[in-house]
Each structure stands twice: as structure tokens, then as C-alpha cells.
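Colleague: I would like a close look at the salt bridges in this model. Please take them pair by pair, then set them against the strands and helices around them.

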Amino acid sequence: FYADRRFQKAGTDDLQRVFEAESGRPLGRFFERWIYETGIPRVRFSWRSSPGAVTVSFVQTGRDVYDLPVTVTIVHTDGRSRDIVVQVTDTHVEQTIPVDAPVREIQVNRDSAAIAEFSDS
């Protein structure tokens, strides 16, 4: 982008076109929510455990749907933990994650990487 637009006027639309060309994905909703608007996502989070798996659920409660990668930290009863990134890209997203030991707790956005308001459901 820099080499192509150096010493020329460039706008947000130009940047969006370059990002879309490089990623091969439409980014209209991303730019609409994160660049042009001022709100942040509001997300309810819940989880349930079953033998060999944990299912995490995210519900976006605001009027707009955001594309939001959220780090989910699985903490096992033996003290081990691991991070999984869940792509929250719809009003309701549910993902089942295999586990190899009992789960003590699930933490959401422990790394504070997702800009959102999270609440337990």
C-alpha cells in the first residue's frame, strides 16, 4: 500500500481495497463496524462441559454484529491451560473444543485482545 500510494492522496476506501485484495475476503462489515462506527460489541458468554469436550457459546447482544476473534482459555483441574481463538462472526456462535482432561474453568478474553464488553449468561 505504501509503495503504491506513496506521495499520493489515499483514503480509507483505498486501504480497504488493498486489504481485501491481500486477504481474499470482503471486509465491508469490518470497516463499517471498526473504522466508521463508534460502538463496541456486547457479548454474552457461556460454556458447558461434557466428557472429552467443552462447548463455548457467544451471543452478540447489540444491534450490530461484529467480526471478533476471542481468546478462550481452558483451565484443567491439573493446572494446565491452553488458549483457543474463537472467531465470533455472527449473532450466535458455538464451538466445541476437544479436551483431554477435566476442566476447572473457562476464561474469556484473559489477554484483553478483544475490544468488547463480555458478560456471563
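Modeller: What follows goes through the salt bridges, then the strands, then a few single residues.

Keep in mind that this is a predicted model. The total is 11 salt bridges. I will take three pairs and one network.

Start with Arg29 and Asp67. Their side chains form a salt bridge, with N and O 2.5 Å apart. This pair links distant parts of the chain. Arg29 belongs to helix 3, which covers residues 28-36. Asp67 sits in the loop between strand 2 (53-60) and strand 3. The two residues are 38 residues apart. How exposed is Arg29, in relative accessibility? The value is 33%, so Arg29 counts as partly exposed. Asp67 has a relative accessible area of 22% and is partly exposed too. The cut-off matters for Asp67: buried means under 20%, so 22% puts this residue in the partly exposed class.

Next comes Arg33 with Glu37. Their closest N and O atoms are 3.5 Å apart. That lies within the 4 Å limit, so the pair counts as a salt bridge. Is Arg33 buried or exposed? Arg33 is buried, because its relative accessible area is 15% and the limit for buried is under 20%. Glu37, at 24%, is partly exposed. This pair also belongs to a network of salt bridges that links Arg33, Glu37, Arg63 and Asp64.

The third pair is Glu94 with Arg48. Here the closest N and O atoms of the salt bridge are 3.4 Å apart. Glu94 lies in strand 5 (residues 92-98) and Arg48 in strand 1 (residues 42-50), so the bridge ties together parts 46 residues apart in sequence. Glu94 has 42% relative accessibility, so it counts as partly exposed. Arg48 has 48% and is partly exposed. The exposed class begins over 50%, so 48% leaves Arg48 in the class in between.

Now the strands. Strand 1, which holds Arg48, pairs with strand 2 in the antiparallel sense, over eight bridges. In that pairing Val43 stands opposite Gln60 of strand 2. The hairpin of strand 1 and strand 2 has two residues between the strands. There Gly52 takes a positive phi near 80°. Strand 1 also pairs with strand 7 (residues 117-120). That pairing is parallel and has four bridges. Arg42 stands opposite Glu117 in strand 7.

Three strands form an open sheet, with antiparallel pairing. In what order do the three strands run? The order is 4-3-6. Strand 4 (81-88) and strand 6 (103-108) stand at the edges. Each has a single partner strand, so one side of each is left without a neighbour in the sheet. On average, neighbouring strands of this sheet are turned by 25° against each other, direction ignored. Strand 3 (residues 68-76) is joined to strand 6 by five bridges, and the two run antiparallel. Val72 stands opposite Val108 of strand 6.

Back to the loops. Asp90 is in the loop between strand 4 and strand 5. Its relative accessibility is 43%, so Asp90 counts as partly exposed. Beyond its neighbours within four places in sequence, what does Asp90 contact? The partners are Gln60 and Val65. Gln60 has come up already, as the residue opposite Val43. Asp90 and Leu68 are 22 residues apart in sequence, yet 9.2 Å apart in space, C-alpha to C-alpha.

Last, the helices. Helix 3, which holds Arg29, also holds Ile35. Ile35 is partly exposed, because its relative accessible area is 43%. With Phe30 and Tyr36, Ile35 makes a nonpolar surface patch of about 270 Å². Gln16 lies in helix 2 (residues 12-23). At 15% relative accessibility, Gln16 counts as buried. Leaving aside neighbours within four places in sequence, Gln16 is in contact with Leu27, Gly28 and Phe31.

To pull the pairs together: Arg29 to Asp67 links distant parts of the chain, from helix 3 to a loop. Glu94 to Arg48 links strand 5 to strand 1. Arg33 and Glu37 share a network with Arg63 and Asp64.

Notes
Residues are numbered from 1 along each chain as its sequence is written. This is a predicted model: local features need pLDDT of at least 70, side-chain atom pairs count only at pLDDT 80 or more; totals for chains, interfaces and linings use all residues. Side-chain values use heavy atoms; hydrogens and water are left out. Buried means under 20% relative accessible area, exposed over 50%, partly exposed in between (1.4 Å probe, protein chains only). Contact means heavy atoms within 4.5 Å. Two strands pair if DSSP finds at least two bridges between them. Axes are lines fitted to C-alpha atoms, for helices over the stretch in contact, and angles run from 0 to 180 degrees between N-to-C directions. Patches are made of residues with over 30% relative accessible area and no salt bridge: like charges are joined within 9 Å, nonpolar side chains (Val, Leu, Ile, Met, Phe, Trp, Tyr) within 5 Å. Accessible areas come from the Shrake-Rupley method with a 1.4 Å probe; for residues, only the protein chains shown count as cover.
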